[in-house]
Amino acid sequence: MATVTQQSVLESVPKGLLIGGQWRDASGGKTLAVDDPATGEILTHVADASVADGKAALDAAVAAQSDWARTAPRDRGELLRAAYEKITERADEFAMLMTLEMGKTLAESRGEVAYGAEFFRWFSEEAVRIGGRYAVAPNGATRLMTMKQPVGPVLMITPWNFPLAMGTRKIGPAIAAGCTMVVKPASQTPLTMLALADLLQEVGLPDGVLNVVTTTTTGEVMEPLIRDPRLRKLTFTGSTPVGRKLIEQASQQILRVSMELGGNAPFLVFGDADVDKAVTGAMLAKMRNMGEACTAANRFYVHESLAEEFSAKLAERMGALTLGRGTEDGVDVGPLVDEKSRDKVSALVDDAVAKGAKVVVGGSAREGAGWFYQPTVLTDVPETADLAREEIFGPVAPVSTFSTDEEAIRMANDTEYGLVAYLFTNDLSRALTVSEALEFGMVGVNQGIVSNPAAPFGGVKASGVGREGGFEGIEEYLETKYVGMAL
């Protein structure tokens with residue numbers, strides 16, 4: 001295998017728009033810069049699509065839909081399996097690319113490659129398991145049949161924090177179900193999606209099934225597609241405010257939507273928990289992706305009997321982490337994705353401290369180039385602090401205490417969000433009781449990571465609608481048709 005270098009991976013990625021199987025420049029000739037968040041320098045430029053380019057991408061998806069829907073399920077599955085194999089084979093290249101454009105360490109990026117590729121393997125197996133049912137009507141006079149059919153052309157808007165996995169989690173079930181797509185990756189991290197699209201072409205995905213549009217004017221380019229009656233589904237991963245706006249636009253034509261939106265994950269440590277295991281779980285739940293994850297633990301509620309020990313051990317682990325460019329050896333924590341993200345984290349910490357929180361470790365941005373913020377632990381965090389309500393999306397762990405299970409549950413549920421919650425306890429009855437009481441779509445018990453391609457990922461309340469992954473994931477891309485046949 002050739003040596004993977006920054007230059008080699010950047011040169012290997014197409015820089016245009018993929019429309020109808022052809023790579024092309026933006027119609028207006030514009031380009032957008034892709035920055036290295038560790039240095040603030042420009043890595044490369046890619047096409048910056050116009051409204052006309054977006055329409056052309058949808059035209060291509062619509063044109064390809066009928067033939068793709070008729071493609072044999074086994075053939076669709078084999079394409080996904082081949083793509084899985086190719087991604088795995090090129091794991092180092094994808095890892096380097098993600099690290100360059102997003103900032104995470106190479107170790108983190110390799111983990112995402114394995115995770116992201118697994119969605120293709122999972123849905124390659126689900127493609128041949130799409131089925132309906134046959135039944136006799138209660139009166140015996142009619143036969144009732146249901147069948148599953150692809151929803152149709154889908155618009156996918158993916159985020160910057162997991163450039164590969166958030167794409168494969170949507171593209172995998174769409175391919176398996178027989179849907180064509182227009183994908184709009186985040187402007188901060190378009191390169192990974194462009195590389196993935198190139199790979200899918202290589203394994204034989206027909207022209208027009210996957211179209212990729214990169215743009216800095218997302219609203220201007222995407223809204224006409226959302227309002228186009230030929231589009232049949234919109235799937236988005238990102239912030240709740242943007243999700244609300246997209247749902248409003250989609251409502252005009254009753255467009256089917258699935259939304260994975262913001263989170264405000266509580267992390268509960270009960271009095272009978274193993275503190276060391278809880279700290280290890282906290283490091284996973286908080287520091288995966290530098291805290292830039294919707295599943296990141298955002299609020300730590302620790303029983304008053306364990307709070308001092310937990311905070312001290314967590315601060316020791318956080319303080320030992322090394323900041324640096326993700327491509328460098330020995331680095332544990334990369335930069336945040338951009339200056340705006342770092343400034344937001346700084347503002348949230350400053351607000352908490354002004355309202356009485358104490359800094360145990362960290363508490364400020366690192367000086368110099370790049371968008372780095374020190375791993376931080378805060379204690380005595382009041383419920384009035386802004387970071388108790390807002391996603392931090394950075395390496396900051398605010399710790400508060402509780403005295404009773406009821407208080408812990410109340411504090412955990414006191415948010416408009418409902419994506420994921422974590423709890424640590426050695427009491428099985430408490431684990432079940434609390435899990436049932438938590439108003440979240442996912443609960444991690446004695447573990448700091450819940451994401452799994454074989455499980456349904458998604459939230460309730462303001463954290464979204466629909467599920468991705470698991471047996472449930474492919475249903476988001478299928479319509480149920482009922483046929484009643486008289487004898």
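Which residues line the second largest cavity? The legends below take up this question, along with a look at the other enclosed space in this predicted model.

**Figure 1. Cavities across the whole structure.** Welcome to the overview: a search of the whole structure turns up 7 cavities of 30 Å³ or more. The largest cavity has a volume of about 90 Å³, and the second largest has a volume of about 70 Å³.

**Figure 2. A close-up of the largest cavity.** In this view, 13 residues line the largest cavity, and those closest to its centre are Phe162, Met166, Cys294, Thr295 and Phe457. Sorted by class, the lining of the largest cavity holds 6 nonpolar, 4 polar and 3 charged residues.

**Figure 3. The largest cavity and the two domains.** Here the domains come into the picture. Domain 1 (6-261 + 463-486) and domain 2 (265-445) both contribute residues to the lining of the largest cavity, so this cavity lies between them.

**Figure 4. A close-up of the second largest cavity.** Now for the opening question: the lining of the second largest cavity consists of Arg299, Phe300, Tyr301, Val381, Pro382, Glu383, Leu387, Ala388, Pro398 and Ser400. Two or more of these lining residues come from each of the elements β13 (297-303) and β16 (396-402). Strand β13 supplies the largest share of the lining, 3 residues.

**Figure 5. Residue classes around the second largest cavity.** For those thinking about chemical character, the lining of the second largest cavity divides into 7 nonpolar, 1 polar and 2 charged residues. Among the residues to look for in this view are Arg299, Glu383 and Ser400, which belong to the lining.

Key. Residues numbered from 1 in each chain as written. Predicted model: local features only at pLDDT ≥ 70, side-chain atom pairs only at ≥ 80, totals over all residues. Heavy atoms only, no water. 1 Å grid on protein atoms, 1.4 Å probe; cavity = no way out; pocket = protein on both sides within 12 Å on 5 of 7 lines; lining within 4 Å. Points joined across faces, edges and corners; volume = space filled by probe spheres on them. Nonpolar A, V, L, I, M, F, W, Y, C, P; charged D, E, K, R; others polar. Domains from an automatic or database assignment. Helix = DSSP H or I, 4+ residues; strand = E, 2+ residues; numbered from the N terminus.
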